[in-house]
Amino acid sequence: MIHMFFQYYFSRLGIIFEIPDIPGIIYETLKKIPRGMVTTYKEIAKLLGDKIAARAVATVLARNEKPDEIPCFKVVMSDGSIGGYSLGVTQKINRLRQEGIKVEGTRIINFDRVLFKLSDNQYYQVLKSLQRIQNTLHSQITFEQFNSKNTRYAAATDLSYIQLRNNFDLALAAVVVYDLLRRKIVDLVFSSILINFPYIPTYLAFREVPGILLALENLRVKPDLLLIDGHGVLHPRRMGIACHIGVLTRIPSIGIAKRILAGKISANRIKAGDKNVYPVYLDGKIMGFCIEKSGKRIYVSPGFGITLQDALDFVLKLEWEKGREPFLMLLAHKLVTRFRDILRRYLSYIKLEFRRK
DNA sequence: GCGACAG
DNA sequence: ATCTTGTCGC
């Protein structure tokens, strides 16, 4: 079975890449489950290639608009309990019983006998392919390009989303460029691009990179450094979104995240003015830093073209004002949120809709 | 049972 | 992130 890809092409950066149609694969899979059988969110996630996607599977199913054609009532929890349903759990139980599946209370009877095993099928493991892409891109990371003296323009990026039909989102990105010398904003670009790749922990880049690249390729002032919302090498495969953006653009990048994804925070406190810094260890090596300011924490790690120490020093030296993060990051966030609110109003006029063929 | 799960 | 169909480890 041939499944769809969403293709993106960035002319100025000379990059073409394909994103698998995960909602499409999930829906096609559901149609193949025999009558009287069920599956679980985790089984579908394993078919996609990573059980970490179980929750994303549920999110995709929650957006199913054709419950009569695409039988998402056949997907239940790993322990045999029913799980949720847009039309109500009672409706889910009724539909299961119509297929002869016995349900008592909120559990399926003889769960192991009606569970249709999907994960033996190696064919659809698209997340494994994405891991291979991450491993390939990882081998292109170098850390020495950054030079503090030659770094004048720093850019921050952030994204916001408008949910559309058929599991599509309009991903909106803002890139704001700041002149560190004159202390002024010198460029600002917004982008808008359709995506249907769900958020899956450790695969964030495949959801957000297209929007960020589209905005970056339209900048007039080329940044010397990128501040990316999310992790850099502080990632299970050392390949957070900041690494993806850095490798694809060859611009030094730093990942700045509000929550930790991988690694262990050391108790070893380092004082830095009004902030505390804690090293974050991953597999016994320092892979990033936690910066704490008035009780609030962010996590910093290099993405591409900058060393761990330079990334930390640079972020500490940025202007933070009152917030828990550098003001430039906060500005990108506020801009893209406003952009989304304005765009939402326009979309209510034109009834934007994307159909699956 | 509760909290963690980049955005 | 937006909106509310999970899983795992402690």
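This is a short talk about helix packing, DNA-facing surfaces and a few backbone details in one predicted model.

Hi everyone, a word on conventions before we look around. Residues are numbered from 1 along each chain as its sequence is written, and chains are lettered from A and ligands numbered from 1 in the order in which they are written. Since the model is predicted, local features need pLDDT of at least 70 and side-chain atom pairs count only at pLDDT 80 or more, while totals for chains, interfaces and linings use all residues.

Let's start with helix α8, residues 241-249. When I say helix or strand, I mean a DSSP run, numbered from the N terminus: H or I over at least four residues for a helix, E over at least two for a strand. How many of the residues of α8 are buried? Nine of its nine, so to speak: the helix is mostly covered. Buried means that 20 or more other C-beta atoms lie within 10 Å of the residue's own; 12 or fewer is exposed, in between is partly exposed, and the C-beta atoms are placed from the backbone. The buried residues include H244 and T249 as well as I241, I245 and L248.

What do they pack against? The partners are β2 (15-20), α6 (126-138), α7 (205-216), β10 (225-229), β11 (253-257) and β16 (296-304). Right after the helix comes R250, with a positive phi near 60°.

Now take one of those partners, α7. Two packed helices are described by the angle between their axes and the distance between the axes. For α7 and α8 the angle is about 40° and the axes are 10 Å apart. That makes this pair oblique. Here, under 35 degrees counts as roughly parallel, over 145 as roughly antiparallel, 65 to 115 as roughly perpendicular, and the rest as oblique. The axes are lines fitted to C-alpha atoms, for helices over the stretch in contact, and angles run from 0 to 180 degrees between N-to-C directions.

The crossing of α7 and α8 is right-handed, meaning the near helix is turned clockwise from the far one by less than a right angle; anticlockwise would be left-handed. On the α7 side the contact is made by A205, E208, V209, I212, L213 and L216, and on the α8 side by I241, H244, I245, L248 and T249. Contact means C-beta atoms, placed from the backbone, within 7 Å. An α-helix has 3.6 residues a turn, so residues three or four places apart point the same way.

By class, this contact has eight nonpolar, two polar and one charged residues. The classes are simple: Ala, Val, Leu, Ile, Met, Phe, Trp, Tyr, Cys and Pro are nonpolar, Asp, Glu, Lys and Arg are charged, and the others, Gly among them, are polar.

Next, α1 (residues 22-31) and α2 pack at about 120°, with axes 11 Å apart, and are therefore oblique to each other. The contact is made by I22, I25, I26 and T29 of α1 with I44, L47 and L48 of α2. It has six nonpolar, one polar and no charged residues.

On to α2 and α3, whose axes come within 8 Å and cross at roughly 105°. That makes α2 roughly perpendicular to α3. Y41, K42, I44 and A45 in α2 meet A54, V57 and A58 in α3.

Which residues come nearest to DNA strand C? They are Y41, A58, M77, G84 and S86, out of 24 around that strand; near means a C-beta atom, placed from the backbone, within 6 Å. The elements giving two or more residues to this surface are α2 (41-48), α3 (54-62) and β7 (153-163). The largest share, five residues, comes from α3. In all, the surface has 12 nonpolar, eight polar and four charged residues.

Around DNA strand B there are 17 residues, and Y199, G230, G240, K258 and L261 come nearest. That surface has nine nonpolar, five polar and three charged residues.

Finally, some backbone angles. Most residues other than glycine have a negative phi. R238, in the loop between β10 and α8, has a positive phi near 55°. R238 is buried, with 20 other C-beta atoms within 10 Å. S294, between β15 (285-293) and β16, also has a positive phi, about 40°. S294 counts as exposed, with 10 C-beta neighbours inside 10 Å. Thanks for listening!

Notes: Contact = placed C-beta atoms within 7 Å.
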